[in-house]
Amino acid sequence: MTAKQGQPVHVGIVEGPHYYDAEGEKRLARRHNVSWLTVKAPLTLDALPQGVCEQLMAGQATLSRLDKEAAEYFIAFCAPEGQSSSSVPTGGRAVLAADPASRYARLCAELAATEHDTHGVRVAHTVTAPVRRARARDAVLTRCEGACENPGCEGAPRDVKDSGRPILEVDHIHDIAKGGRDAPEQMIALCPNCHAVKTYGTTREALRDRLLGVAQAAHATWLSRAPGAAQH
């Protein structure tokens, strides 16, 4: 924490080992990542108990490590409304989780302080991607008739694209980059929400198996509707 006469008192939890800042005003300055607990409610030395204040001002240090008594005081101070200090966990990450607004404010402050370092900066990437056939995508979009093909879809957006078409994303059920076929029977039209679940969700493997069955069944049904299909 920091403590200087006449200035706000800032209390935080040091997260992880120190690092050296090679780009700041003081090159190679030793720094720590800190989760500040008093972002929403800054303190002053006059408002602190005498014992805590004396500990902070001993030697006029700008960075102090709190003893157990002082640490408990600030943990209690930072407890969410309606929560007693005795129920507030003392672990750094637990205290941080109890006050997500402080974490949000800290991250925003850090971003504002470093925005000039990255604003307008571009990074070159060399990307190789599998060849995808536009006709396969068009076939799936025709088959879905403007609706997400996930039978359990609960979050398709009601808005549409500038073209008037639904906001759908054609996805390969088995990734083409990993050997999946670029063919309609193993492709599916999904709304962005279902696409995200299929890509990142903990249920993605079960959903992938279900969607493959849906795609194969729809593929067979649509081929059977074509004129002359019964002759094949």
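This passage describes the fold, the strand pairing, the helix crossing and the salt bridges of a predicted model.

The protein has 7 helices and 4 strands. Read from the N terminus, these elements follow the order β-β-α-α-α-α-α-β-β-α-α. Of the 232 residues in the protein, 29% are buried. When contacts between residues at least 6 apart in sequence are considered, 59% of them join residues at least 24 apart. Several of the pairs described below give a concrete view of how separate segments of the chain are brought together.

A convenient place to begin is the pairing of β3 and β4. These two strands run antiparallel to each other and are joined over 4 bridges. One of the bridge pairs can be named: Val-170 is matched with Ala-189 in β4. Ala-189 also belongs to a pattern of side-chain directions along β4, in which Met-187 and Ala-189 point one way while Ile-188 and Leu-190 point the other way. Such a pattern is familiar, since in a regular strand the side chains alternate between the two faces of the sheet. In β4, all four of these residues, Met-187, Ile-188, Ala-189 and Leu-190, are buried.

The loop between β3 and β4 deserves a closer look, and Gln-186 is a good guide to it. Gln-186 is located in this loop and has a relative accessible area of 6%, so it is classed as buried. Its contacts, leaving aside neighbours within four places in sequence, are with Asp-171, His-172, Ile-173, His-174, Gly-180, Arg-181 and Leu-212. With one of these residues, His-174, the link is a polar one: the side chain of Gln-186 reaches the backbone nitrogen of His-174 at 3.0 Å. Gln-186 can also be placed relative to Val-140, which is 46 residues away in sequence, with a C-alpha to C-alpha separation of 9.7 Å.

The loop between β3 and β4 also contributes to the salt bridges, of which the model has 6. One of them joins the side chains of Arg-133 and Asp-182, with an N to O distance of 3.3 Å. This pair ties together distant parts of the chain, as Arg-133 sits in the loop between α4 (100-118) and α5 (134-144) and Asp-182 in the loop between β3 (169-172) and β4 (187-190), 49 residues apart. The two partners differ in their surroundings: Arg-133 has a relative accessible area of 51% and is therefore exposed, whereas Asp-182, at 10%, counts as buried. Ala-134, in helix α5, offers another view of this region. The C-alpha atoms of Ala-134 and Asp-182 are separated by 9.8 Å, although the residues are 48 apart along the chain. With a relative accessibility of 55%, Ala-134 counts as exposed.

A second salt bridge, between the side chains of Glu-149 and Arg-143, has an N to O distance of 2.9 Å. Here both Glu-149 and Arg-143 are buried.

A third salt bridge is formed by Asp-175 and Lys-198, whose closest N and O atoms are 4.0 Å apart. This pair, too, links distant parts of the chain: Asp-175 is in the loop between β3 and β4 and Lys-198 in helix α6 (residues 192-200), 23 residues apart. Asp-175 is partly exposed, at 29% relative accessibility, while Lys-198 has a relative accessible area of 2% and is buried. Beyond this pair, a network of salt bridges links Asp-171, Asp-175 and Lys-198.

Lys-198 leads on to the packing of α6 against α7. The axes of α6 and helix α7 (residues 204-225) come within 7 Å and cross at roughly 120°, and the crossing is left-handed. On the α6 side the contact is made by Cys-194, Val-197, Lys-198, Thr-199 and Tyr-200, and on the α7 side by Arg-204, Leu-207, Arg-208 and Leu-211. Among these, Arg-208 of helix α7 counts as buried, at 12% relative accessibility. Leaving aside neighbours within four places in sequence, the contacts of Arg-208 are with Ile-173, His-174, Asp-175 and Lys-198. Arg-208 thus touches both Asp-175 and Lys-198, the two partners of the salt bridge described above. Ile-173 and His-174, for their part, are also contacts of Gln-186.

Conventions
Residues numbered from 1 in each chain as written. Predicted model: local features only at pLDDT ≥ 70, side-chain atom pairs only at ≥ 80, totals over all residues. Heavy atoms only, no water. Buried < 20%, exposed > 50% of the residue type's maximum accessible area, 1.4 Å probe, protein only. Contact = heavy atoms within 4.5 Å. Polar contact = N/O pair within 3.5 Å; in protein donor to acceptor, adjacent residues only side chain to side chain. Pairing = 2+ DSSP bridges. Axes fitted to C-alpha atoms, helices over the stretch in contact; angles between N-to-C directions. Left-handed = near helix turned anticlockwise from the far one by under 90°.
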